[in-house]
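Subject: A structure for you to explore

Hello! Here is the structure I promised to pass on to you. Have a look around first, and then read on for what turned up in it.

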Amino acid sequence: MESSKKPKSKASAKKPKDSVLEQKSPAEFFAENKNIAGFDNPGKCLYTTVRELVENSLDSTESISELPLIEITIEDIEKSKFNSMIGLVDRDRVDQELYDDHETEKAREKRLAKEAQAQELQAKNASLGKKTKEPAAPKTMKGRGGAAFYRVTCKDNGRGMPHDDIPNMFGRVLSGTKYGLKQTRGKFGLGAKMALIWSKMSTGLPIDISSSMKGQNYNSFCRLDIDIHRNIPHVHNHEKRDSKDRWHGAEIQVVIGGNWTTYRSKILHYMRQMAVITPYAEFIFKFVSDVPDKNVTIRFARRTDVMPPVPLETKHHPSSVDLLLIKRLIEETSKQNLLQFLQHEFVNIGKSYAERLIGELGPEFSPKMPVKSLTSQQIVRIHQLFRQAKFNDPSGDCLSPAGEYNLRLGIIKELHPELVATYSGSAQVFEGHPFIVEAGVSVGGKDVKQGLNIFRFANRIPLLFEQGADVVTRTALKRINWSSYKINQTQDKVGVFVSVVSTKIPFKGTGKEYIGDDITEIASAVKSAIQHCCIQLKTKIVKNIQAREQKERKRNLSKYAENVAGAVCGVLKQMQQIQASKKRRYDDKEAEVLKKLSTGMITKEMVKEKLVQHVEQLDSEMAMEFAANSGVSEEPRECIYLQSLEAAEDNFIDLHSPLFVFRLFC
């Protein structure tokens with residue numbers, strides 16, 4: 001009798017598990033995609049942590065109009081010290097072959113043979129008298145586990161933070177005070193939160209925050225980390241401590257994995273460029289190591305106390321909004337009807353223009369209709385009209401550029417160039433967002449390489465990566481004819497500084513490290529700003545060339561004055577001999593000169609002295625003629641802006657010029 005049961009397949013498929021809808025927190029998303037925020041590798045993580053902390057400190061100090069004093073310290077932590085910090089006991093290796101940096105016997109023999117061959121070649125060259133190079137240090141294998149750890153500390157004299165807000169300000173991703181429509185330094189609004197996430201991932205250690213606000217008699221101390229899966233702060237300690245020195249500001253300390261060796265130059269370049277764009281700030285940078293030779297201390301001194309104005313929050317321009325933003329504005333507005341909503345929630349829409357827009361929308365719209373009652377179709381109609389209607393461009397009053405004066409001072413302070421020119425353009429618009437381009441071009445200087453050295457800034461922060469695709473780089477390399485401005489772009493030491501500020505910087509790429517070259521308005525503004533600087537430099541360079549040629553001509557004339565004087569005296573002596581032999585008779589003037597020669601009143605030294613005096617006089621007359629004809633008329637006139645006495649604070653007013661600021665005390 002055959003069995004009715006069928007034999008089971010050995011490779012029977014498992015029943016698929018029911019799919020479960022999962023949700024990731026913002027902290028978890030950025031932890032898994034940390035490269036988006038600039039945390040690509042250990043070295044870049046250290047650089048980005050420094051950058052985020054410094055920029056937070058600048059924002060804090062500028063918000064209360066306090067001259068920034070920022071101390072940034074990177075402390076190298078050895079592995080044994082790090083293990084003791086987390087309570088881990090060091091343990092010697094037992095199975096050497098288990099480790100990634102283990103050197104096999106075959107690899108060791110190959111390395112020793114190569115070193116012996118190099119030593120033999122060096123000895124042979126030395127015996128022949130040839131110049132020998134020092135042997136390179138042998139490369140040590142470093143496994144993946146050989147990570148380096150650093151304690152990064154940043155202290156400022158800024159606003160500080162309210163005691164109760166500290167946990168959420170650091171331990172909750174996408175919560176902060178910089179999400180309004182205004183010019184901000186940040187790229188993602190993450191700030192020190194991403195450094196905390198990286199600390200959690202690389203070391204597991206919490207972050208320490210000390211803060212105090214003006215007028216407080218205590219310091220707030222908070223030690224916390226972040227629950228990445230729930231996006232909430234995990235507070236270890238949060239208390240108020242006595243304040244004896246009345247300090248105000250914030251001090252943040254975080255321990256992270258990093259690589260100082262590979263990103264040392266990037267971090268120092270960042271600090272130097274930050275000192276260029278913020279000459280009113282004082283930065284003290286330190287790298288501390290157990291090896292004294294590796295220690296670094298650099299002070300970037302303050303050069304001025306003139307600070308840019310604080311950026312102002314502004315309203316959205318109608319041509320820059322999308323459907324989602326319009327719906328959100330409708331949900332958040334306190335205005336009751338459509339007319340008030342259009343007037344008060346958008347820039348450059350007055351009452352009369354709002355009424356015209358409502359009339360154009362159709363009969364189902366009216367000025368008094370409740371704005372909360374708008375249907376999805378009606379909102380789409382408003383959005384379509386915003387895209388098609390004409391609106392005045394937004395002004396640049398809400399923006400805060402560094403200023404031509406500060407940019408010039410920063411370049412001079414850090415680069416010490418021979419020549420420098422700066423230019424600040426007027427506010428322009430792209431896609432409804434105002435922007436201002438400032439530029440500086442320098443020639444010569446300290447620690448500047450030959451050729452074009454390009455320095456890029458966006459909302460007053462340096463951009464160091466992905467330079468090749470940036471609009472500034474492409475404009476400087478391809479769209480500026482440097483030779484027409486008497487500048488040799490390959491031989492001269494040329495510094496090109498371009499700063500763009502806007503309520504929305506059109507970054508490209510996931511890391512937001514460069515501004516795209518596809519926005520015509522910005523590309524043309526960058527080119528125009530650089531050209532204005534080059535025109536100023538050309539005037540100075542031409543004057544220098546003329547002065548150099550004049551000096552060379554004077555030097556040559558003075559050099560041959562003695563020979564000319566000898567030749568003149570020789571001719572006169574020949575004439576004297578001819579006159580004595582009565583072969584020729586000279587007129588009275590010539591006879592008088594010959595008489596003075598015979599009596600010793602005219603000598604070679606006297607002729608030389610007269611020639612030198614003539615050269616000096618001619619040089620002075622030519623210089624005066626040049627200044628009268630070209631110097632005054634070609635010199636650009638600088639505008640000086642006088643603010644009203646009522647607006648002045650601390651009983652003084654400033655006269656602003658790109659070249660100087662004159663402070664008048666009342």
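Let me start with one term: a residue is called buried when its relative accessible area is under 20%, exposed when that value is over 50%, and partly exposed in between. Glutamate 282 is a good case to try this on, because its relative accessibility is 13% and it therefore counts as buried. Please keep in mind that this is a predicted model.

**The whole protein**

The protein has 17 helices and 19 strands. It is made of 666 residues, and 42% of them count as buried. If you take the contacts between residues at least 6 apart in sequence, 73% of these join residues that are at least 24 apart. The protein exposes about 39,000 Å², with carbon and sulfur atoms supplying 51% of that area.

On the surface you can look for a nonpolar patch of about 240 Å², which is made by Met85, Ile86 and Leu88. Isoleucine 86 belongs to the loop between α3 (79-85) and α4 (105-127). Its relative accessible area is 39%, so isoleucine 86 is partly exposed.

**Around tyrosine 47**

Now zoom in on tyrosine 47, which you will find in helix α2. Is tyrosine 47 buried or exposed? With a relative accessibility of 1%, tyrosine 47 counts as buried.

Which residues is tyrosine 47 in contact with, leaving aside its neighbours within four places in sequence? They are Tyr263, Lys266, Ile267, Tyr270, Leu464 and Phe465. Another residue to find is tryptophan 260: tyrosine 47 and tryptophan 260 are 213 residues apart in sequence, yet their C-alpha atoms are 8.6 Å apart in space.

**Aromatic pairs**

A pair of aromatic rings is described by two things, the distance of the centres and the angle of the planes. This structure holds 14 aromatic pairs. In one of them, tyrosine 47 meets tyrosine 270 edge-to-face, with 5.8 Å from centre to centre and 85° between the planes. The two rings come from distant parts of the chain: tyrosine 47 is in helix α2 (residues 42-63) and tyrosine 270 is in helix α7 (residues 260-277), 223 residues apart. Both tyrosine 47 and tyrosine 270 are buried.

Another pair is formed by tyrosine 263 and phenylalanine 465, and this one is tilted, at 6.2 Å centre to centre and 35° between the planes. Tyrosine 263 lies in helix α7, while phenylalanine 465 lies in the loop between β13 (461-463) and α13 (471-479), so this pair ties together parts that are 202 residues apart in sequence. Tyrosine 263 has a relative accessible area of 14% and is buried. Phenylalanine 465 counts as buried too, at 14% relative accessibility.

Phenylalanine 465 also has charged company. The charged end of lysine 44 sits over the ring of phenylalanine 465, 4.4 Å from its centre. Lysine 266 lies over the face of phenylalanine 465 as well, at 4.8 Å from the ring centre.

Elsewhere, look for the aromatic cluster formed by Phe341, Phe346, Tyr353, Phe386 and Phe391.

**Salt bridges**

Side chains of opposite charge can pair when their charged atoms come close. How many salt bridges does the structure hold? There are 24 salt bridges, and here are a few to look up:

- Glutamate 32 and lysine 24 meet through their side chains at 2.4 Å, N to O. Glutamate 32 is partly exposed, at 46% relative accessibility.
- Aspartate 227 and arginine 230 form a salt bridge at 3.0 Å, N to O. Aspartate 227 is partly exposed, with a relative accessible area of 21%, whereas arginine 230 is exposed, at 59%.
- Arginine 302 forms a salt bridge with glutamate 282, and their closest N and O atoms are 4.0 Å apart. Arginine 302 lies in the loop between β8 (296-300) and α8 (323-332) and glutamate 282 lies in strand β7 (residues 282-288), so the pair ties together parts 20 residues apart in sequence. Arginine 302 is partly exposed, at 31% relative accessible area, while its partner glutamate 282 is buried.

There is also a network of salt bridges that links Arg51, Glu52, Glu55 and Glu513.

Enjoy exploring, and write back with any questions!

Notes. Residues numbered from 1 in each chain as written. Predicted model: local features only at pLDDT ≥ 70, side-chain atom pairs only at ≥ 80, totals over all residues. Heavy atoms only, no water. Helix = DSSP H or I, 4+ residues; strand = E, 2+ residues; numbered from the N terminus. Buried < 20%, exposed > 50% of the residue type's maximum accessible area, 1.4 Å probe, protein only. Contact = heavy atoms within 4.5 Å. Areas by Shrake-Rupley, 256 points an atom, 1.4 Å probe, with all protein chains shown as cover. Patch = residues over 30% accessible without salt bridge, like charges linked within 9 Å, V, L, I, M, F, W, Y side chains within 5 Å. Phe/Tyr/Trp six-rings, centres within 6.5 Å; stacked < 30°, edge-to-face > 60°. Lys NZ or Arg CZ within 6 Å of the ring centre and 35° of its normal.
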